[in-house]
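The following note is offered to a colleague who is beginning to read protein structures. Please keep the sequence and the structure in view while working through the numbered points.

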Amino acid sequence: MINVPRYPNDAEFAKDVRLQFPVHLPDVSLSIVKTAEWRAREAFFFNDGSWVKTRVGAHSAILIHHPQKTILFDSGLGRKVNKQFLREMPFWLKPFMAFENHRPLKDFLENEEKDDPVDTIILSHLHWDHISGIEDFQNIEVWTTKEEFEWVMDSNMLEGSYIKSLYARNDITWRFILFESGPYENFDQSLDIFRDGSVVLVSTPGHGPGAIGMFVNLRSGKRLFFTGDTTWTLEGFQIPAHKFWASSLLVDHDRGKIERMILKVHQLIKEYPEMDIVPAHDDKVQGAIGYFPEVMR
């Protein structure tokens with residue numbers, strides 16, 4: 001467990017007054033698309049988890065329809081993931097990264113979303129399981145942070161979590177996110193994508209050097225915060241607790257920074273107990289909200 005008392009409990013919240021009247025927000029909808037899953041002992045997901053219980057982890061993408069454009073937050077596992085996995089995943093990591101029940105997001109889109117193409121993919125961070133699906137899109141704009149991109153392109157970076165061939169494509173337009181909207185809730189940096197309060201990105205470094213989270217505020221008054229891989233489960237924020245030490249050692253960039261991000265979300269839960277906090281791999285949380293074709297407005 002994280003020693004909460006050693007941190008000051010004086011979080012300040014920069015609240016968005018527009019959310020007092022959510023009926024004035026644009027008509028935004030979202031769906032969670034599960035592209036694959038994996039199974040492991042609960043203890044691997046978070047400290048103090050059970051060594052007896054099996055937990056399901058989801059590889060998901062978030063599909064958001066806004067009047068101005070359709071975007072994805074992360075891309076899940078794509079159609080070419082088996083080739084990516086076989087070719088570029090170190091043999092010693094393959095048992096830890098194995099997945100099952102694979103159905104690429106592009107398959108869902110072709111079956112259900114033919115007339116509403118994706119314009120932009122925004123990545124919570126650049127680990128292979130969040131970016132694999134971008135190979136299924138041509139001439140797409142992909143958003144990340146400069147810190148995250150430069151870390152990935154560093155030749156001394158640990159192999160396995162990242163698959164470099166996914167970034168070296170000529171048909172991707174990379175856009176670096178500039179957090180120019182000031183503080184948001186208890187986060188220091190943000191970007192209000194559409195400048196209407198509906199979709200707001202915040203800087204959440206720790207798991208990756210330039211990792212981000214995403215708030216979605218719906219006209220119904222419902223609010224969701226997609227936290228990427230800061231923790232893998234909601235319990236990590238509630239307890240609060242890190243991932244299992246070996247899992248964290250394998251995938252987390254900066255344990256000190258990630259601890260501060262976990263505590264920020266812990267404080268956020270206390271401030272907004274009705275908000276849905278959605279870790280990128282928490283199948284229990286995502287399943288309770290409902291997977292595609294379920295739509296939230």
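**Note on salt bridges and the largest pocket**

1. Lys-146 has a relative accessible area of 45%, and therefore counts as partly exposed. The model under discussion is a predicted one. Lys-146 pairs with Glu-150 in a salt bridge whose closest N and O atoms are 3.9 Å apart. Glu-150 is likewise partly exposed, its relative accessible area being 47%. Both residues belong to helix α6 (residues 146-153), where a spacing of four residues separates them by about one helical turn.

2. How many salt bridges does the structure hold? The total is 19. As a general point, side chains of opposite charge can pair when their charged atoms come close.

3. A second pair joins Glu-235 to Lys-284, with 3.5 Å between the closest N and O atoms. Glu-235 is located in helix α7 (residues 234-238) and Lys-284 in helix α10 (residues 283-289), so this salt bridge ties together parts that lie 49 residues apart in sequence. Is each partner buried or exposed? Glu-235 is buried, at 16% relative accessible area, whereas Lys-284 is exposed, at 51% relative accessibility.

4. Salt bridges with shared partners also link Lys-34, Glu-37, Arg-39, Glu-100 and Asp-283 into one network. Within this group, Glu-37 forms a salt bridge with Arg-39, and their closest N and O atoms are 3.0 Å apart. Glu-37 has a relative accessibility of 8%; because buried means under 20%, this residue counts as buried. Arg-39, by contrast, is partly exposed, with a relative accessibility of 48%.

5. The next topic is the largest pocket. The space in the largest pocket amounts to about 560 Å³. Which residues are closest to its centre? They are Trp-38, Phe-96, Met-97, Trp-232 and Leu-250, out of 24 residues that line the pocket.

6. Several elements give two or more residues to the lining of the largest pocket: β1 (29-41), α1 (42-45), α3 (94-97), α5 (128-131) and α8 (245-251). The largest share, four residues, is supplied by α8.

7. The character of this lining may be considered last. Of the residues that line the largest pocket, 15 are nonpolar, six are polar and three are charged.

Note on methods
Residues are numbered from 1 along each chain as its sequence is written. This is a predicted model: local features need pLDDT of at least 70, side-chain atom pairs count only at pLDDT 80 or more; totals for chains, interfaces and linings use all residues. Side-chain values use heavy atoms; hydrogens and water are left out. A salt bridge is a side-chain nitrogen of Lys or Arg within 4 Å of a carboxyl oxygen of Asp or Glu. Buried means under 20% relative accessible area, exposed over 50%, partly exposed in between (1.4 Å probe, protein chains only). On a 1 Å grid over the protein atoms alone, a cavity is a set of points where a 1.4 Å probe fits but cannot get out, and a pocket is an open set with protein on both sides within 12 Å along at least five of seven lines; lining residues have an atom within 4 Å of a point. Grid points are joined across faces, edges and corners, and a volume is the space filled by probe spheres set on the points. Ala, Val, Leu, Ile, Met, Phe, Trp, Tyr, Cys and Pro count as nonpolar, Asp, Glu, Lys and Arg as charged, and the others, Gly among them, as polar.
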